[in-house]
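Reader: I have a new structure on my screen. Can we go through the terms used for it, one at a time?

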4 protein chains.
Amino acid sequence: MTDTPDLAIDPAAEHDAEAAGCETHSHHGYMKEKDRYKARLKRIEGQVRGIHRMIDEEQYCIDILTQVSAINSALRNVALGLLDDHMRHCVADAVNESDEAAEIKFKEVADAIARFSR
Amino acid sequence: MTDTPDLAIDPAAEHDAEAAGCETHSHHGYMKEKDRYKARLKRIEGQVRGIHRMIDEEQYCIDILTQVSAINSALRNVALGLLDDHMRHCVADAVNESDEAAEIKFKEVADAIARFSR
Amino acid sequence: MTDTPDLAIDPAAEHDAEAAGCETHSHHGYMKEKDRYKARLKRIEGQVRGIHRMIDEEQYCIDILTQVSAINSALRNVALGLLDDHMRHCVADAVNESDEAAEIKFKEVADAIARFSR
Amino acid sequence: MTDTPDLAIDPAAEHDAEAAGCETHSHHGYMKEKDRYKARLKRIEGQVRGIHRMIDEEQYCIDILTQVSAINSALRNVALGLLDDHMRHCVADAVNESDEAAEIKFKEVADAIARFSR
């Protein structure tokens with residue numbers, strides 16, 4: 001059991017976004033569905049708390065694994081939605097802006113998909 | 001964006017566990033590391049809350065995707081740990097008990113790995 | 001052990017491509033690296049044949065699983081490369097062409113990523 | 001596009017197998033389904049060759065990605081089958097033999113599942 005680092009978002013990352021065609025928040029594709037995404041995250045948070053409780057109550061390992069798979073699946077759907085929105089908005093904007101802006105976005109997206117499919 | 005069901009653990013599932021060689025909680029392999037698993041779930045819960053906040057603050061999509069990948073990785077490590085503990089305890093006990101008990105366990109584990117690797 | 005269908009490419013699929021901004025072969029992003037992709041596929045084919053031989057020679061299951069993981073990893077790299085090339089060429093062309101052409105491409109890419117990340 | 005190493009099976013690996021309860025070929029779980037596994041690998045080899053041909057014929061990227069996903073899925077089913085057979089035979093034999101033999105097998109299986117789920 002190795003430990004995983006907490007959230008550590010680099011505050012500089014947003015600057016890259018600004019530099020490359022997503023400079024206003026309204027450009028973030030996911031914004032029009034913000035409330036739905038927030039509701040989904042709330043539900044996933046509840047699912048994680050549910051697993052914590054199952055372990056505390058010493059429930060059956062296989063049942064816990066089933067719940068972990070359900071969370072993974074819910075998170076994957078969130079990620080696929082964010083990625084789709086991102087391409088339709090930030091990436092499309094960057095393509096319209098310039099080849100350099102598009103290049104940055106394509107690289108970012110490819111890296112995100114690679115991380116995500118591992 | 002499809003919706004994901006909440007936690008819905010079948011209370012009958014634990015009976016199968018009882019019937020097949022994991023009848024006391026002390027047999028659950030993960031129990032000796034219970035506190036560590038609970039700490040990891042707490043941390044994952046915090047990571048999910050962090051993504052909720054990132055969406056609320058309209059942060060950059062790619063940064064959110066990076067965090068989703070980190071949670072997936074943390075959950076996978078939890079699942080791999082639980083599965084390993086489960087095999088060393090519940091499955092090994094079932095093998096020592098009878099072919100029928102072992103058969104139930106092997107089927108459960110194979111199904112869990114299939115769900116998990118999808 | 002369920003059976004998997006052989007290659008069954010719908011010949012109509014190319015028409016969709018033609019209709020949506022990738023109408024000439026030179027637009028396919030992967031073309032400039034065609035020889036490298038072909039070399040990689042040849043190597044993967046050899047790896048698959050290697051597993052066939054390992055099974056025929058009744059080698060140790062865990063060693064076979066290691067080779068299966070290596071092939072999965074090689075295929076994932078091919079897919080990530082194709083996807084990246086596709087976005088930089090076909091998708092970017094479609095964005096420049098029209099919203100309708102872009103919409104078709106974004107939907108296709110999202111579906112491909114979803115299939116691929118399962 | 002990074003390159004992937006060819007098959008490189010350590011000949012010493014089989015000795016570990018011998019030392020830990022899988023010493024005769026008849027113990028390998030997959031042996032009774034050897035012909036079915038070989039037929040599946042032949043089919044996967046044909047699928048890989050099909051992708052090689054699609055690239056040579058400069059077919060549409062998304063169609064190629066669909067075929068890559070189909071191969072990944074076929075390989076995953078082979079791996080899940082081998083793993084299941086391995087647990088029912090080699091692992092169960094090792095559990096019956098000694099704690100030390102079982103420990104080696106559990107470690108190997110956990111590592112194989114971790115590689116496989118990445």
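Author: What follows sets values from this predicted model against the cut-offs behind the words.

Reader: Start with chain A. What makes up its fold, helices or strands?

Author: Chain A has four helices and zero strands. Along the sequence the pattern reads α-α-α-α.

Reader: How much of chain A is buried?

Author: Chain A has 118 residues, and 56% of them count as buried. The cut-off for that word is under 20% relative accessible area. Chain A also exposes about 5000 Å², with 47% of it supplied by carbon and sulfur atoms.

Reader: What share of the contacts in chain A joins residues 24 or more positions apart?

Author: The share is 57%, taken over contacts with a separation of 6 or more.

Reader: How many disulfides are there in the whole structure?

Author: The search over all chains finds zero. A disulfide is a covalent bond between the sulfur atoms of two cysteines.

Reader: Why is Cys61(C) not counted as part of a disulfide?

Author: Look for the closest cysteine sulfur to that of Cys61(C). It belongs to Cys90(D), 3.9 Å away. A disulfide needs the two sulfurs within 2.5 Å. Therefore the pair of Cys61(C) and Cys90(D) is too far apart for a bond.

Reader: What about Cys61(D)?

Author: For Cys61(D), the closest cysteine sulfur is in Cys90(C), at 3.9 Å. That is too far for a bond, so this pair is not a disulfide.

Reader: Is Cys61(C) buried or exposed?

Author: Cys61(C) has a relative accessible area of 0%, so it is buried. Cys61(D) also has a value of 0% and is buried.

Reader: Why is Asp84(A) called buried?

Author: Its relative accessibility is 16%. Buried means under 20%, so Asp84(A) qualifies. Asp84(A) sits in helix H3 of chain A. Leaving aside residues up to four places away in sequence, Asp84(A) touches Phe106(C) and Ala110(C).

Reader: Why is Arg88(D) called partly exposed?

Author: Arg88(D) has 23% relative accessibility. Partly exposed lies between the 20% and 50% cut-offs, so the label fits Arg88(D). Arg88(D) belongs to helix H3 of chain D. Beyond residues up to four places away in sequence, Arg88(D) touches Glu103(B), Phe106(B) and Lys107(B).

Reader: What makes Arg118(B) partly exposed?

Author: The value for Arg118(B) is 47%. Exposed would need over 50%, so Arg118(B) stays in the partly exposed class. Arg118(B) is in the segment after helix H4 (99–116) of chain B. Its contacts, not counting residues up to four places away in sequence, are Arg76(A), Arg118(C) and Arg76(D).

Reader: Now the helix pairs. How do you know that H2(D) is roughly antiparallel to H3(D)?

Author: Helix H2 (residues 34–56) and helix H3 (residues 61–97) of chain D pack at about 160°, with axes 10 Å apart. Angles over 145 degrees count as roughly antiparallel, so H2(D) and H3(D) earn that name. Their crossing is left-handed.

Reader: Why is H3(A) called roughly parallel to H4(B)?

Author: H3(A), residues 61–97, packs against H4(B) at an angle of about 15°, and the axes are 9 Å apart. The cut-off for roughly parallel is under 35 degrees, so the term applies to H3(A) and H4(B). On the H3(A) side, the contact is made by Ile62(A), Leu65(A), Thr66(A) and Ser69(A). H4(B) brings Glu108(B), Val109(B), Ala112(B), Arg115(B) and Phe116(B). The crossing of H3(A) and H4(B) is left-handed.

Reader: What makes H3(B) roughly antiparallel to H4(D)?

Author: H3(B), residues 61–97, and H4(D), residues 99–116, pack at about 150°, with axes 10 Å apart. The angle is over 145 degrees, so H3(B) and H4(D) count as roughly antiparallel. H3(B) passes H4(D) in a right-handed crossing. Among the residues that meet are Leu80(B) and Met87(B) in H3(B), and Phe106(D) and Ile113(D) in H4(D).

Reader: What is notable about phi of Glu58(A)?

Author: Phi of Glu58(A) is near 55°, a positive value in a residue other than glycine. Glu58(A) is in the loop between H2 (34–56) and H3 of chain A. Glu58(D) also has a positive phi, near 55°. Glu58(D) lies in the loop between H2 and H3 of chain D.

How values were computed:
Residues are numbered from 1 along each chain as its sequence is written. Chains are lettered from A and ligands numbered from 1 in the order in which they are written. This is a predicted model: local features need pLDDT of at least 70, side-chain atom pairs count only at pLDDT 80 or more; totals for chains, interfaces and linings use all residues. Side-chain values use heavy atoms; hydrogens and water are left out. Buried means under 20% relative accessible area, exposed over 50%, partly exposed in between (1.4 Å probe, protein chains only). Helices (H or I, at least four residues) and strands (E, at least two) are DSSP runs, numbered from the N terminus. Contact means heavy atoms within 4.5 Å. Accessible areas come from the Shrake-Rupley method with a 1.4 Å probe; for residues, only the protein chains shown count as cover. Axes are lines fitted to C-alpha atoms, for helices over the stretch in contact, and angles run from 0 to 180 degrees between N-to-C directions. Angles under 35 degrees count as roughly parallel, over 145 as roughly antiparallel, 65 to 115 as roughly perpendicular and the rest as oblique. A crossing is left-handed if the near helix is turned anticlockwise from the far one by less than a right angle, and right-handed if clockwise.
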